[in-house]
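Visitor: I'd like to learn how to read a model, feature by feature. Please put one up and walk me through it.

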Amino acid sequence: MDWSAFGSEQTNSSHWGLVHGPFMMEELVCQNQNMMISKGIFKNSNPLKYATPLLFLQMSVIIITSRLIFRFLQPLKQGMISAQVLAGIVLGPSFLGHNKTYMDMFLPAGGKITIQTLSTIGFIIHLFILGLKIDASIIKKASSKAILIGTASYAFPFSLGHLTVFFINTTVGLHKDVFHCASTVIFLCSMTSFPVTTNVLAELNILNSELGRLATNCSMVCEACSWFVALAFNLYTRERTMKGVWGIFMIAGLLGVIAGVFRPLIIYLTERKSRTMSNKDVVPFFPVLLILAIASISAEVMGVHAAFGAFWLGVSLPDGPPLGTELAMKLELFASNMLLPCFIAVSGLQTNFFEITESHENHVVLIEVILLVTYGCKFLGTAAASAYCQTQIGDALCLAFLMCCQGIIEVYATVVWKDAQVVDTECFNLVIVTLLLVTGISRYLVVYLYDPSKRYKCRSKRTILNTRERNLQLRLLLCMYNVENVPLMVNLLEATYPTRFNPISFFTLHLVELKGRSHAVLTPHHQMNKLDLNTAQSTYIVNAFQRFEQKYQGTLMAQHFTAAAPFSSINNDICTLALDKKATLIVIPFHKQYAIDGTVGQVNGPIRNINRNVLEAAPCSVAILIDRGECKGRRSVLIANTWQNVAVLFIGGRDDAEALALCMRMTEKPELNVTMIHFRHKSSLQHEDYSEMAEYNLINDFKSHAAANKGKVHYIEEIVKDGVETTQVISSLGVAYDMVFVGRDHDLESSVLYGLTDWSECPELGVIGDMLTSPDFHFSVLVVHQQQGDALAMDDSYKLPVEHQKIGDARIQLPLFSAEEGFTTIDLDKS
């Protein structure tokens, strides 16, 4: 070998040159010693000639470029993976890299090996995290519908794609290499990866929607089919020798060791560490990394990629907290956010559109036709199977588009095939570009076609006012994030005064941000994994409400749920449960938490977005609960102070009427004093001006209650001329009340609010509600918003069997509550 043919100077960190490899001419790189750290430009040392500064430059440029491209692609609803691949294409030989001077400076042969090695380590860890987030047991829960659609989504493109290849080969004739390449990429186009699908669903905020749950199960089935076919193909193509047989047994042995040795060992170490004094770090982080390295090295020894061992080690471990959550939080920042973009960009750097020569143009066209036909068959197969399962045509099309989306797993497979010379450069280029186009178009069309809130836009109206007028059962959905939300919720239930003649059904929903798992969960409490830390938190909440149920036994019906989903889309779970249980009112906590001295202690932006989304799409009335109970030192449900004085601020409008209807129920409770403060302008004294007759009747009913229950029910009429006097009256409330009810929306043209509508910090609370969030007030607040829709028909479900009667009347037969009423479990596996 002629060393003088090497292209680098002595001052570079590496030498490179072309040598004869086993199959073709390959690039040989020789690294120089003591070329890691630069001496600095002041000593005439070029930092880019050294490995470490060059690596930092490559990582910085790749991450910055991918972020910029992602910013431009965001309006088109594209993912970060697509931006990172495009960053590699832009920085690679297809665009900027076509300039040899730039390529020698930014990506010399030695620098390319360094960043490939480091980024591959990041990818292996990332694949371990993806496996860690997978709950393999959900494939057992998949319904026949998901099994049929998932199988069809793989079988249609796989079979028809191969038929297309054989047809073209018979009619036109394909080169042997082209035939092999086309047959290989059909495997790639047919598969749908479960981690990729859940990532796409999470990015589009539909992971926990009806379509998202169906796509999650279908992708798991489709990926299982691809693994089965890959295993069968591997067995068929292996050499019929003892080495081939031993290779199969060794891979099976590795999976056995992962499931039988590594998994129990990690779980044992985790449980032992959780029993120590400090529970802040219950995950044995460094032992897990050591076992991950052993599994990856073992996979390489067996002749498969190191990522194979890492992925199946992650799959074998339990998802969710504590193990899945803690490991994901610690590893994602380093592996997924820093090294993975480099790995994906390197795959883009390997694309070179200029290598498509004229002699290969016909082959390129034929391969592209085969790719498009295979993707088309996948789309049609999924849509046809969905239509056969009586899925709505819009949802069937969206599901078909989702099953065509591909990402990191498919990019990884393509890179491995290129390195193994299974596919050539032309085929690699076509696969990457076609994958980007199909995935990008599919994502955009799903956003355009699918609206998860359409399911909640029901034809019936469920409001508190309707419940009162039609003698219906009050049904509440109480949403909580932690046990601190429980005491005020219990007080609210107690104030509504459930009786045997006027019972209440309520449903608690513990909202948990999705961490450490890839699929969303909405399940009854008794079906939760007992080892999950979220289960312990939910158990505390459930136990508190069960104590309350015991106090009012025979007057309450309850069911408890937990939802784990991304906070960006968890409002889908809230609305789904409210629709399924036909709730009258959804109660959700305010996004601000107040300290003991009454000041704002913590502001949670994601919770505010949840409240806004629920207000916009809820199938019933919604109330936002501003909790200042801790200001009085309350610490638990057992010592919670019950309300003695509540007030409702009435200005006018449907939301105020809804709040007043709720307070009307509280007037029945003997120990509770209820006050209505009616704000009126001087001009309204001459004539009664109410937007609806129901509002007029409701006010008269309250006045009648006040006349009949003097000393307990009070009606106060405040005559004001503008917003300033309204503010003065509200400010004078002081500490006389434990809870104040108010409607969200009012007539903004009302003189009572003149001057108050110019500025608002929290528009979701309305003018008065926003005012009451000030630290100057020390009582809790419930801001009520009535369900919109004048044309909706009234829902008369759960009508009470008898009219309101006085308690203790022995002549009245008590109504019998059905055990099934209000307890139909949500069929989460119907997809």
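Guide: A word on naming before we dive in: helices here are DSSP runs of H or I with at least four residues, strands are E runs of at least two, and both are numbered from the N terminus. With that in hand, Glu-494 sits in helix 19. Keep in mind that this is a predicted model.

Visitor: Fine. What does the secondary structure come to overall?

Guide: The protein has 26 helices and 17 strands. Of its 831 residues, 55% count as buried. Among the contacts with a separation of 6 or more, 79% join residues 24 or more positions apart.

Visitor: Back to Glu-494, then. Is Glu-494 buried or exposed?

Guide: The cut-off for buried is under 20% relative accessible area. Glu-494 has 7% relative accessibility, so it counts as buried. Setting aside neighbours within four places in sequence, it contacts Phe-548, Lys-551, Tyr-552, Thr-642 and Lys-669.

Visitor: How many residues of helix 19 are buried?

Guide: Ten of the ten, so the helix, residues 486–495, is mostly covered. Leu-488, Met-489 and Leu-492 are among them. Just after helix 19 comes Tyr-497, with a positive phi near 55 degrees.

Visitor: And a helix with two faces? How do I read one of those?

Guide: Start with the geometry: an α-helix has 3.6 residues a turn, so residues three or four places apart point the same way. Now try helix 11, residues 285–301. Its 17 residues reach 25 Å from first C-alpha to last, close to the 24 Å expected at 1.5 Å a residue.

Visitor: Which residues of helix 11 are buried?

Guide: Phe-285, Val-288, Ile-291, Leu-292, Ala-295, Ser-296, Ser-298 and Ala-299. They span an arc of only 160 degrees around the axis, so they lie on the same side of helix 11. Turned away from that buried side is a face with the exposed residues Phe-286, Leu-290, Ile-297 and Val-301. After the helix you meet Gly-303, with a positive phi near 95 degrees.

Visitor: Positive phi keeps popping up. Where else should I look for it?

Guide: As a rule, most residues other than glycine have a negative phi. Two loop residues here are worth a click. Asn-205, between helix 8 (194–203) and helix 9 (210–237), has a phi near 60 degrees. It is partly exposed, with a relative accessible area of 32%. Lys-582, in the loop between helix 21 (571–580) and strand 8, has a phi near 55 degrees, and at 31% relative accessibility it also counts as partly exposed.

Visitor: Let's do sheets. In what order do the eleven strands of the open sheet come?

Guide: The general idea is that strands of a sheet pair through backbone hydrogen bonds, either parallel or antiparallel. Here the order is 6-7-5-4-8-11-16-15-12-13-14, with mixed pairing. Strand 6 (521–524) and strand 14 (713–720) are at the edges with a single partner strand each, so one side of each has no neighbour in the sheet. From one strand to the next, the twist averages 20 degrees.

Visitor: Which strands does strand 12 pair with?

Guide: Strand 13 (residues 673–681) is one, in the parallel sense over six bridges. There, Phe-650 of strand 12 has His-678 as its bridge partner. Between these two strands the chain passes through helix 23 (residues 654–666), making a right-handed β-α-β crossover. Strand 15 (residues 739–743) also pairs with strand 12 in the parallel sense, over four bridges, and Val-646 is bridged to Met-739. Five of the six residues of strand 12 are buried, so it is largely enclosed by the rest of the structure.

Visitor: What about strands 8 and 11?

Guide: Strand 8 (residues 585–589) and strand 11 (residues 621–626) run parallel, joined by five bridges; Ile-586 is bridged to Val-622. Helix 22 (residues 605–617) lies across strand 8, strand 11 and strand 16, at about 165 degrees to strand 8.

Visitor: Which residues does Leu-625 touch?

Guide: Leu-625 belongs to strand 11 and is buried, at a relative accessible area of 5%. Not counting residues up to four places away in sequence, its contacts include Leu-488, Met-489, Val-587, Met-739 and Val-781. That takes us back to helix 19, where Leu-488 and Met-489 are buried.

Notes: Residues numbered from 1 in each chain as written. Predicted model: local features only at pLDDT ≥ 70, side-chain atom pairs only at ≥ 80, totals over all residues. Heavy atoms only, no water. Expected span 1.5 Å × (residues − 1). Buried < 20%, exposed > 50% of the residue type's maximum accessible area, 1.4 Å probe, protein only. Arc of directions from axis to C-beta. Pairing = 2+ DSSP bridges. Right-handed = clockwise from strand over helix to strand, strands pointing away. Axes fitted to C-alpha atoms, helices over the stretch in contact; angles between N-to-C directions. Contact = heavy atoms within 4.5 Å.
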